Amino acid sequence: MNELASGQFGASLRLARERKGLTTAQVAATTKLSPMVIKRLENGKLSGLPGGIYLRAMVRAYAKLVGLDPEDTVRDLLIAYPEAAPARAEVPSTEQRVPAGAKRILQGS
């Protein structure tokens, strides 16, 4: 983990929230995340939080509410916390994404 990047990541969330005039309780109520999760995200203390797709979904929900681009914010998360990157099993392969009927069409059958 890059300490500087992780501190900047959390600070950017907090600053965006404050610019919107929202409290952590308001963010928690709207996003359905606990106030503890909001505080951990803002402080860059992600240990103890669910990881993987769940963490990225929490960050997207928070970012959207406070007016940040959700995908840019997830990219910032992955820079600050490379361990939050999707595991290979989370990324569907091309074979998994193409329906069987479409495969036949693509193959000319």
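Which exposed residues does the face of α4 turned away from its buried side carry? To find them in this predicted model, start with the helix itself.

Select residues 52–66, helix α4. With 15 residues at 1.5 Å a residue, α4 should span 21 Å, and the 22 Å between its end C-alpha atoms agrees with that. Continue to G67, which follows α4 and has a positive phi, near 90°.

Next, colour the buried residues of α4: L55, R56, M58, V59, Y62, A63 and V66. These residues lie on the same side of α4, because the arc they cover around the axis is only 155°. Now turn to the face directed away from that buried side: the exposed residues there are I53, Y54 and K64, which settles the opening question.

Add helix α3, residues 35–43. The axes of α3 and α4 are 12 Å apart and meet at an angle of about 90°, so the two helices are roughly perpendicular to each other. Show the side chains at this contact: α3 contributes V37, I38, L41 and E42, while α4 contributes L55, M58, V59 and Y62. By class, the contact has seven nonpolar residues, no polar ones and one charged residue.

Finally, centre on E42, in helix α3. Is E42 buried or exposed? Its relative accessible area is 9%, under the 20% cut-off, so E42 counts as buried. Select its contacts, leaving aside neighbours within four places in sequence: G10, A11, L13, R14, R17, T24 and Y62. Of these contacts of E42, Y62 is also one of the buried residues of α4.

Terms used: Residues are numbered from 1 along each chain as its sequence is written. This is a predicted model: local features need pLDDT of at least 70, side-chain atom pairs count only at pLDDT 80 or more; totals for chains, interfaces and linings use all residues. Side-chain values use heavy atoms; hydrogens and water are left out. Axes are lines fitted to C-alpha atoms, for helices over the stretch in contact, and angles run from 0 to 180 degrees between N-to-C directions. Helices (H or I, at least four residues) and strands (E, at least two) are DSSP runs, numbered from the N terminus. Angles under 35 degrees count as roughly parallel, over 145 as roughly antiparallel, 65 to 115 as roughly perpendicular and the rest as oblique. Contact means heavy atoms within 4.5 Å. Ala, Val, Leu, Ile, Met, Phe, Trp, Tyr, Cys and Pro count as nonpolar, Asp, Glu, Lys and Arg as charged, and the others, Gly among them, as polar. The expected span of a helix is 1.5 Å times one less than its number of residues. Buried means under 20% relative accessible area, exposed over 50%, partly exposed in between (1.4 Å probe, protein chains only). The arc is that of the directions from the helix axis to the C-beta atoms.
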